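Got the viewer open? Load the model and we'll walk through it one selection at a time.

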Amino acid sequence: MPNNTRIPSQIIPLVDKTTGLMTREWYRFFANSIESSWTPEFTGSVSNPTVTYTVQNGGYVRINGSVQCNVILTWTSFSGGSGDIRISLPLPVKDGITGIPSGSISLMNGVNLPASIITVGVSGVVGQSFLKMTGLKDNSDTVVLAVSDINNAGSIGLSLSYVTV
């Protein structure tokens, strides 16, 4: 199995016993770490909505190819747009990875859930720099939330982990 995160093997110690310093492998691993921010926004798969935000916070940590990001969006006006609702990501999701880049929603109001939805989550879209919001129905079908499911005002807080290029 390939080591997508490039985390040094458990065999390699963090500290070199001879020098007392961090080993070269671990140094390279941590030297490739980036902590940054971006301005997330709603988009639509067909056309983009017009949104007035009061909070637009996005923060992420990238360690080699692994990304952990957090988003908080609060809006007071939301109109227009069509298609599936999307939220922008700081970096594209890598093609050819195993599994679905997924995350969780910790705060959500101002969203109308389709009937029979029992839980909502987020997932990255491979090869793209956005995530989609998905609902799981009680009969195990997955539904992608639409731009029309978003109310005029509300808040969303979420986190997502994925591998980037």
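## The whole chain

The protein chain holds 1 helix and 10 strands; helices (H or I, at least four residues) and strands (E, at least two) are DSSP runs, numbered from the N terminus. This is a predicted model, where local features need pLDDT of at least 70, side-chain atom pairs count only at pLDDT 80 or more, and totals for chains, interfaces and linings use all residues. Residues are numbered from 1 along each chain as its sequence is written, and side-chain values use heavy atoms, with hydrogens and water left out.

Show the whole chain as a cartoon and follow it from the N terminus: the order of elements is α-β-β-β-β-β-β-β-β-β-β. Along its principal axes, the C-alpha trace spans about 65 × 35 × 25 Å. Of the 165 residues, 35% are buried, meaning under 20% relative accessible area, while exposed means over 50% and partly exposed is in between (1.4 Å probe, protein chains only). Among contacts (heavy atoms within 4.5 Å) with a separation of 6 or more, 64% are between residues 24 or more positions apart.

Switch on a surface if you like. The accessible surface comes to about 9200 Å², and carbon and sulfur atoms own 51% of that; the areas come from the Shrake-Rupley method with a 1.4 Å probe, and for residues only the protein chains shown count as cover.

## Stop 1: a nonpolar patch

Select Leu14, Val15, Met22, Tyr27 and Phe30, which make a nonpolar surface patch of about 490 Å². Patches are made of residues with over 30% relative accessible area and no salt bridge (a side-chain nitrogen of Lys or Arg within 4 Å of a carboxyl oxygen of Asp or Glu); like charges are joined within 9 Å, nonpolar side chains (Val, Leu, Ile, Met, Phe, Trp, Tyr) within 5 Å.

Now pick out valine 15, in the segment before helix H1 (24-31). Valine 15 has a relative accessible area of 41%, so it is partly exposed.

## Stop 2: strand E10 and its partners

Colour strand E4 (residues 66-79) and strand E10 (residues 150-163): they run antiparallel, joined by 10 bridges. Two strands count as paired if DSSP finds at least two bridges between them. To get your bearings, find cysteine 69, which stands opposite leucine 160 in E10.

Add strand E6 (residues 102-111), which is antiparallel to E10 with 7 bridges. Here serine 104 stands opposite serine 159 in E10.

Back in strand E4, show the side chain of threonine 74. Which side chain does threonine 74 make a polar contact with? The partner is the side chain of serine 155, at 3.2 Å. A polar contact is a pair of N or O atoms within 3.5 Å; within protein, one must be able to donate a hydrogen and the other to accept it, and residues adjacent in sequence count only if both atoms are side-chain atoms. Leaving aside neighbours within four places in sequence, threonine 74 is in contact with residues including Thr52, Tyr53, Thr54 and Val55.

## Stop 3: strand E8 and its partners

Next, select strand E8 (residues 130-137) with strand E5 (residues 85-88), an antiparallel pair with 3 bridges. Isoleucine 87 has leucine 131 as its bridge partner in E8.

Strand E7 (residues 117-124) also runs antiparallel to E8, over 7 bridges, and valine 120 is bridged to glycine 135. The hairpin of E7 and E8 has 5 residues between the strands, and glycine 127 there takes a positive phi near 85 degrees.

Then add strand E9 (residues 142-144), antiparallel to E8 with 3 bridges. Leucine 136 stands opposite threonine 142 in E9. In this hairpin 4 residues lie between the strands, and serine 140 in the turn has a positive phi of about 75 degrees.

Is threonine 134 in E8 buried or exposed? Threonine 134 is buried, because its relative accessibility is 15%. Its contacts beyond four places in sequence include Thr119 and Val120, plus Thr142 and Val143.

## Stop 4: lysine 137 and serine 116

Lysine 137 is in strand E8 too, and is partly exposed at 26% relative accessibility. Not counting residues up to four places away in sequence, lysine 137 touches Ala115, Ser116, Ile117, Ile118 and Val143.

Finish on serine 116, in the loop between E6 and E7. Serine 116 is partly exposed at 42%, and its phi is positive, near 75 degrees. Most residues other than glycine have a negative phi.
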